[in-house]
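Open the model in your viewer and keep the selection panel at hand. We will go from one selection to the next, and at each stop you will hear what is there.

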There are 2 protein chains.
Amino acid sequence: MQLCCKSTNPLVNLQKKAEEMIRYRGERITPGRIHTLAMLLSERRAVTHHEIEERLKGEHRFDRVTLYRVLEWLNEKGFVHRLVNADRVWRFRANIHEYSQPHAHFECLRCTKVVCLDDFEAAHDFELPAGYRSREIELTVKGLCAECT
Amino acid sequence: MQLCCKSTNPLVNLQKKAEEMIRYRGERITPGRIHTLAMLLSERRAVTHHEIEERLKGEHRFDRVTLYRVLEWLNEKGFVHRLVNADRVWRFRANIHEYSQPHAHFECLRCTKVVCLDDFEAAHDFELPAGYRSREIELTVKGLCAECT
DNA sequence: TGTGGATTTGCAACAGAGTTGCATTTACTA
DNA sequence: TAGTAAATGCAACTCTGTTGCAAATCCACA
């Protein structure tokens with residue numbers, strides 16, 4: 001299990017990688033998409049819109065609305081996924097490695113940090129009410145992270 | 001497994017029950033608390049602030065801020081718990097039956113309705129990163145409810 | 001039963017995350 | 001390279017929830 005492991009590649013390589021990922025799908029390449037996806041590829045934690053905005057401020061000027069739309073687009077196209085925790089703020093994370101593979105999240109009750117627990121197996125069959133159909137299972141372990149213990 | 005099973009008791013009895021519950025803990029009785037808790041006791045689904053407001057409109061006039069504060073108080077005191085789903089809106093549910101007992105939630109991807117799956121057993125031990133401590137496990141099954149299938 | 005004082009309530013104003021409309025700019029196709 | 005559909009920037013907006021403060025209410029105690 002690995003947490004928050006920054007890629008060893010320089011960010012430039014990730015920008016190339018992001019560009020390739022988008023081009024491969026036949027979608028339009030824009031600076032917003034490249035920079036945002038590259039940033040998310042470099043980060044294994046799920047990060048907020050605000051955090052992304054702060055981090056991209058240096059290399060590329062961005063309107064916040066544009067960033068919202070880029071994130072929504074990346075989510076729609078399956079490049080990233082998003083989740084919401086107790087502070088009711090969207091958090092985004094690249095889908096690389098595990099396209100559509102379910103995994104659990106850990107949420108720190110004190111600092112509200114969210115990390116992904118990749119080796120979760122969604123092997124549990126749930127008995128649902130009649131007529132209900134399960135599509136995905138989201139599991140969040142809440143507690144205290146190492147810094148907050 | 002039961003879903004959204006309205007109590008067979010008339011609402012008046014639930015108001016008495018709510019009052020007893022609060023009095024038993026030595027807390028102050030107010031109309032807001034009684035009506036809100038009674039309403040939540042009658043409902044097994046997790047409901048939003050807005051839904052509660054609508055439903056209480058007839059019997060008791062309420063300021064929305066007061067309702068927010070009542071809900072926060074009920075949550076703090078352990079009479080209800082709250083959860084947030086993909087629409088980033090708090091949902092509240094009475095804790096009766098299962099004080100502090102973990103259970104899963106089902107969230108409909110189309111109508112965003114949330115129901116509680118009571119017979120979930122949080123028997124899964126998770127391998128957490130070093131220094132991390134688990135306090136509770138939240139499990140959400142996402143899919144389509146009977147009406148939306 | 002009446003009263004003092006801490007709690008709760010109502011109102012207004014605010015805060016933060018996210019959305020919408022629209023004119024301008026950009027990426028890509030032909 | 002030009003035309004066009006898509007993406008961007010800006011301003012204004014919505015929606016959920018919060019804060020400050022004066023007025024009303026609850027309840028312990030006399």
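Begin by selecting Asp63(A) together with DNA strand D: a backbone N or O atom of Asp63(A) lies 3.3 Å from a phosphate oxygen of the strand. That is a polar contact, meaning a pair of N or O atoms within 3.5 Å; within protein, one must be able to donate a hydrogen and the other to accept it, and residues adjacent in sequence count only if both atoms are side-chain atoms.

A word on what you are looking at: this is a predicted model, in which local features need pLDDT of at least 70 and side-chain atom pairs count only at pLDDT 80 or more, while totals for chains, interfaces and linings use all residues. Residues are numbered from 1 along each chain as its sequence is written, chains are lettered from A and ligands numbered from 1 in the order in which they are written, and side-chain values use heavy atoms, with hydrogens and water left out.

**Stop 1: DNA strand D**

Stay with the same strand and add Thr66(A), which has a polar side-chain atom 2.7 Å from a phosphate oxygen of DNA strand D. Next pick Arg28(A); one of its polar side-chain atoms is 2.3 Å from a sugar or linking oxygen of DNA strand D.

Now widen the selection to the residues near the strand (a heavy atom within 4 Å of it). There are 22 around DNA strand D, and Arg28(A), Arg33(A), Arg69(A), Ile29(B) and Arg64(B) come nearest. Of the strand's atoms within 4 Å of the protein, sugar and phosphate account for 64%.

Which helix gives the most to this surface? Colour α4(A): it provides five residues. Helices here are DSSP runs (H or I, at least four residues), strands likewise (E, at least two), numbered from the N terminus.

**Stop 2: DNA strand C**

Move to DNA strand C, where 21 residues surround the strand and the closest are Ile29(A), Arg28(B), Arg33(B), Thr66(B) and Arg69(B). Select Thr66(B) to find a side-chain N or O atom 2.6 Å from a phosphate oxygen of DNA strand C. Tyr68(A) also reaches a phosphate oxygen of this strand with a side-chain N or O atom, at 3.0 Å. Go back to Arg28(A) as well: a polar side-chain atom of this residue lies 3.1 Å from a sugar or linking oxygen of DNA strand C.

**Stop 3: the two chains**

Hide the DNA and superpose chain B on chain A. A turn of 179 degrees with a shift of 0.1 Å along the axis gives an RMSD of 0.2 Å, by least squares on the C-alpha atoms of residues with pLDDT of at least 70 in both. That is the relation of a two-fold axis. To find the axis from chain B, select Leu139(B), whose C-alpha comes closest at 2.2 Å.

Finally, show the contact between the chains (heavy atoms within 4.5 Å): 37 residues come from chain B and 37 residues from chain A. About 3400 Å² is buried between them, with carbon and sulfur atoms giving 64%; buried area is the accessible area (1.4 Å probe) that two parts lose on being put together, summed over both. Highlight Arg88(B), Tyr132(B) and Lys142(B), which supply 19% of the area that chain B buries against chain A, more than any other three residues.

How many residue pairs are in polar contact across this interface? The rule finds three, both residues at pLDDT 80 or more. End on β6(B), which contributes the largest share of the side of chain B that touches chain A, 12 residues.
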